[in-house]
Amino acid sequence: MTGLPSVLSVVGARPNFMKLAPVARALAARGARHVIVHTGQHYDPEMSDAFFRDLHLPRPDHALGVGSGSHAHQTAAVMQGLEPVCVAEQPDVVLVYGDVNSTVAAALVAAKLGITVAHVEAGLRSRDRTMPEELNRIVTDHLADLLLAPSRDALDNLAQEGIPAERVQFVGNVMIDALKVALPGARALEVPQRHGLTERAYTMVTLHRPNNVDDPDTLRELLETLSLLAADGPVLFPVHPRTRAQIGRLNGTATTRGVRLLDPLPYLEMLALVSDAALVITDSGGLQEETTWLGVPCVTVRPTTERPITCAVGTNRLVAPRRAAIQEAALSAVAERPATPPVLERWDGSTGERIAAVLCDGARFD
Ligand code: UD1
């Protein structure tokens, strides 16, 4: 490639937006052409616009407006919408982020058009093929020409799958860039105080995985568990639209007594609340990483994680969606809170810059 490459980023769902922001900033600083495509997988203002605002992201150049649907429907809609955009924009590189349906759809479109595909957050594996994200990760990584890994375990996973090492680079965790930039401003908002909360005296919850919220019995047990925890201190639960719909289907047959059910929170408010929490209970991928960097104890309600490094350093633990298991893990997680946050290799706030260096200067990070 001669000169600066023309880059096209594809994002669609909430966890993509904080990965895009540091890359967009680093590419802008170098003066590279950067086209942003929003697929519209997430479209509610609090799931999308609020994040563009908090992260100071420019308006997308193209909005595909695909909306919700089955996996096949959503993936196909992204592909159909994106293909003519790629043909018209003729980028040198298509950047895809994370593991959502928009990610795999975009990788397929670009690869078939012969455009270089670069995957940010490559190489993560839960080894649980019942998770749609795991299938998205595997397919995306095998289509990608350039695999940008957040941690060394990701390099091992890719080597095991026979992906040539020259395609893989260890750039670090780009979400931590976004977090480091946003944290001072988030703290200045005094969000816990506005909710009447004392530092390290409350629990933040997010649950939205189909495995946890789509089965009524599992969801009922989870809500009852949160209600029991709320007897010991405030429990705040910003509720994802999928979860809200499933709670509605329980027709009041589950207790949420004491649990503060909120609308999805914007990035800065959520970050502020998480950073001061005693405990986070979640099934999110991103929160496992954010809590690790912040040194906040995290209980992840899942049988596996694609981010084992968060468990290895001691901030995160996995539990089944069962009352006794969650109560026990919550107690031990808080009791064993690390004195200082762990320091992870290349979770340092410079990953966006490394990605831009790879794309623009042909730099290598092993
Ligand atoms: C998607 C990602 C998941 C990620 C999550 C973060 C896939 C396969 N899953 O899951 O990895 O952790 O985003 O939020 O890509 N809905 C709304 N408004 C919106 C978006 C969704 O009401 O703005 C509702 C719709 O009823 C929709 C449902 O939520 O059917 C699920 O949305 P979808 O994007 O299909 O998957 P998520 O569960 O959000």
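Is Gln 41 buried or exposed? In this predicted model, Gln 41 is buried, with a relative accessible area of 9%; the value falls under the 20% limit for a buried residue.

Gln 41 sits in the loop that runs between strand S2 (33-38) and helix H2 (49-54). Its side chain makes a polar contact of 2.7 Å with the side chain of Ser 102. Beyond the neighbours within four places in sequence, the residues in contact with Gln 41 are Gly 12, Ala 13, Val 66, Gly 67, Gln 74, Val 100, Asn 101 and Ser 102.

The two side-chain pairs described here are listed below.

| Pair | Kind | Value |
|---|---|---|
| Gln 41 and Ser 102 | polar contact | 2.7 Å |
| Phe 17 and Phe 51 | aromatic pair, tilted | 6.4 Å centre to centre, 50 degrees between the planes |

The structure has 3 aromatic pairs. In the tilted pair, Phe 17 belongs to helix H1 and Phe 51 to helix H2, so parts 34 residues apart in sequence are tied together. Phe 17 and Phe 51 are both buried. Ring pairs join Phe 17, Phe 51, Phe 52 and Tyr 267 into a cluster.

Tyr 267 also appears in the largest nonpolar core, which holds 57 residues; Leu 55, Leu 95, Leu 148, Met 204 and Tyr 267 are the ones that touch the most other members. Helix H1 (residues 14-30) contributes the most to this core, with 8 residues. Another core, of 25 residues, lies apart from it and includes Ala 254, Ile 281, Ala 329 and Ala 333. With residues up to four places away in sequence left out, Met 204 touches Leu 236, Pro 238, Leu 265 and Ile 281, among others.

Key. Residues are numbered from 1 along each chain as its sequence is written. This is a predicted model: local features need pLDDT of at least 70, side-chain atom pairs count only at pLDDT 80 or more; totals for chains, interfaces and linings use all residues. Side-chain values use heavy atoms; hydrogens and water are left out. Helices (H or I, at least four residues) and strands (E, at least two) are DSSP runs, numbered from the N terminus. Buried means under 20% relative accessible area, exposed over 50%, partly exposed in between (1.4 Å probe, protein chains only). A polar contact is a pair of N or O atoms within 3.5 Å; within protein, one must be able to donate a hydrogen and the other to accept it, and residues adjacent in sequence count only if both atoms are side-chain atoms. Contact means heavy atoms within 4.5 Å. A nonpolar core is a set of buried Ala, Val, Leu, Ile, Met, Phe, Trp, Tyr and Cys residues joined through side-chain atoms within 4.5 Å. Rings of Phe, Tyr and Trp (its six-membered ring) pair if their centres lie within 6.5 Å; planes under 30 degrees apart count as stacked, over 60 as edge-to-face and the rest as tilted.
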